[in-house]
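Work through the exercises below with the sequence and the model open. Try each task before you read its solution.

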Amino acid sequence: MTRKSRRMYIIVVAFVLLASATALVLTAFEDNLVYFYSPTDLKTKQVTVGRSLRLGGLVEEGTFVKLDDGLSIRFSITDGAESVPVSYKGILPDLFREGQGVITEGSLNEKGDFIAHEVLAKHDENYMPAEVIDALKASGEWRGDEEGQTTK
Amino acid sequence: MSVFHRFANPNRFLKLTNTVLPWISGITVLSLLAGLYMAFFTSPPDYQQGETVRIMYIHVPSAWMAMFIYSSIAFASVCSLIWRHPLADLAAKASAPIGAGFTFLALATGSLWGKPMWGAWWVWDARLTSVLILFFLYLGHMALMNAFEEQERGNRAAAVLAIVGFVNIPIIKFSVDWWNTLHQPASVMRADGPSIDPSMLWPLLIMGLAFKFFYLVVVLIRIKSELIEAKLRKYRRAVVDNA
């Protein structure tokens, strides 16, 4: 074996070992690498009351309520299967609306409500000109998912 | 390996560089002008994000370049370690600051985009964190190259770091598919075709082309100046020895 091919084998073997080690570590830490839990995760994982965590999903249609003080709001986050009621007091991001993907940070209280102290909007991977969406809607051809609603 | 080693000769490399530089500089300027004009004036506002979507035309090509340049450095490092290609270390050394610059640009524009759209300048999700690690890998590579008295040892150490750090590249790319992240999944390089309207995809691709050629121009100039510097050092030593 020449010195060149020996160097090549060493690099290839070392890299494969390193990549496998990384893959194992990432799989082991799966739960910690996840940025947020879905409502289903929350039900199945038996999260302790008061523990800080993030909850993500779609804002359920027809659940958004603004309370009398003008700042507090209530809505539900759903992933299609499960739904969790959320209450929040503060400023909402521009993209926030019913049907929109959001991620909230906070904790569960004893009643199973999620008390959020931060709400982030998640936007999807679709990019479309505003006029195209308006034209599709005008002709009744718009078959987008719930997230595909114009803000204005 | 004969084709591969043809350009190992610095003089041949310099000659080729001088021929292609004017052309690729021209392509860079033209595509950058066209791309910027389309990005700012002819491309439409997004249905969800409005005008803010224009940040994409800088952010996304920067992120592509951040990963592309790191992959190039890793490839050059393999060539350097296995075949001792004389230009490979120079290419890696010349590329690292450019890659670090693009990574910084991607992080900074992403932050400016995140605040209005998500509601946060920064979050520790898998995509953002892995790109921040990429930025640190670039900085580590640059520091390591100059950490030793002998340039040769610095090159060797930096090459090993570059190859080890390459595991981060697929993690960055697939982080949005493997884990729940705040960052949305890929829009352009995905299995079922781009989920981005052609009127926005074209300016994006042209900006991507412009950034790639910009990198080529800058990296060739940097390699060239390294070669000239090495030549100068040799002459100076010869003069000192003769005196």
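**Exercise 1. Domains of chain A**

How far apart do the C-alpha centres of domain 1 of chain A and domain 2 of chain A lie?

*Solution.* This is a predicted model: local features need pLDDT of at least 70, side-chain atom pairs count only at pLDDT 80 or more, and totals for chains, interfaces and linings use all residues. Residues are numbered from 1 along each chain as its sequence is written, while chains are lettered from A and ligands numbered from 1 in the order in which they are written.

Step 1. Find the bounds, which come from an automatic or database domain assignment. Domain 1 of chain A covers 1-33, and domain 2 covers 36-122.
Step 2. Take the two C-alpha centres. They lie 40 Å apart.

**Exercise 2. Overall form of chain A**

Describe the fold pattern and the spread of chain A.

*Solution.* Step 1. List the elements. Helices (H or I, at least four residues) and strands (E, at least two) are DSSP runs, numbered from the N terminus. Chain A has four helices and six strands. Their order along the sequence is α-α-α-β-β-β-β-β-β-α.
Step 2. Compare with the globule rule, 2.2 Å times the number of residues to the power 0.38, where the radius of gyration is taken over C-alpha atoms. For 152 residues the rule gives 15 Å; chain A has 22 Å, well over that value, so chain A is more spread out than a compact globule.
Step 3. Check the dimensions. The C-alpha trace spans about 80 × 50 × 25 Å along its principal axes.
Step 4. Check burial. A residue is buried if 20 or more other C-beta atoms lie within 10 Å of its own, exposed if 12 or fewer, and partly exposed in between, with C-beta atoms placed from the backbone. In chain A, 22% of the 152 residues count as buried.

**Exercise 3. The A-B contact**

Which element gives the largest share of the side of chain A that touches chain B?

*Solution.* Step 1. Count the contacts (C-beta atoms, placed from the backbone, within 7 Å). They join 34 residues of chain A to 35 residues of chain B.
Step 2. Name the elements of chain A that give two or more residues: helix 1 (3-28), strand 6 (114-122) and helix 4 (130-138).
Step 3. Pick the largest share. Helix 1 of chain A gives eight residues.

**Exercise 4. Core and helix 5 of chain B**

Which residues touch the most other members of the largest nonpolar core?

*Solution.* Step 1. Define the core: buried Ala, Val, Leu, Ile, Met, Phe, Trp, Tyr and Cys residues joined through C-beta atoms within 7 Å. The largest one has 88 residues, and Ala66(B) and Ala92(B) touch the most other members. Helix 3 (residues 56-83) of chain B gives the largest share, 16 residues.
Step 2. Look around Ala66(B). Beyond four places in sequence, its contacts are Gly99(B), Phe102(B), Thr103(B), Ala106(B) and Leu134(B).
Step 3. Turn to helix 5 of chain B. Its buried residues include Leu134(B), Tyr138(B) and His141(B). Among the elements covering the buried residues of helix 5 is helix 2 (30-33) of chain A.

**Exercise 5. Two residues of chain B**

Are Tyr235(B) and Arg84(B) exposed or partly exposed?

*Solution.* Step 1. Tyr235(B) is in helix 8 (residues 198-242) of chain B. Tyr235(B) has 9 C-beta neighbours inside 10 Å, so it counts as exposed.
Step 2. Arg84(B) sits in the loop between helix 3 and helix 4 of chain B. Arg84(B) has 13 such neighbours inside 10 Å, so it counts as partly exposed.
Step 3. Check the backbone of Arg84(B). Its phi is near 55 degrees, a positive value in a residue other than glycine.

Key:
Two residues are in contact if their C-beta atoms, placed from the backbone, lie within 7 Å.
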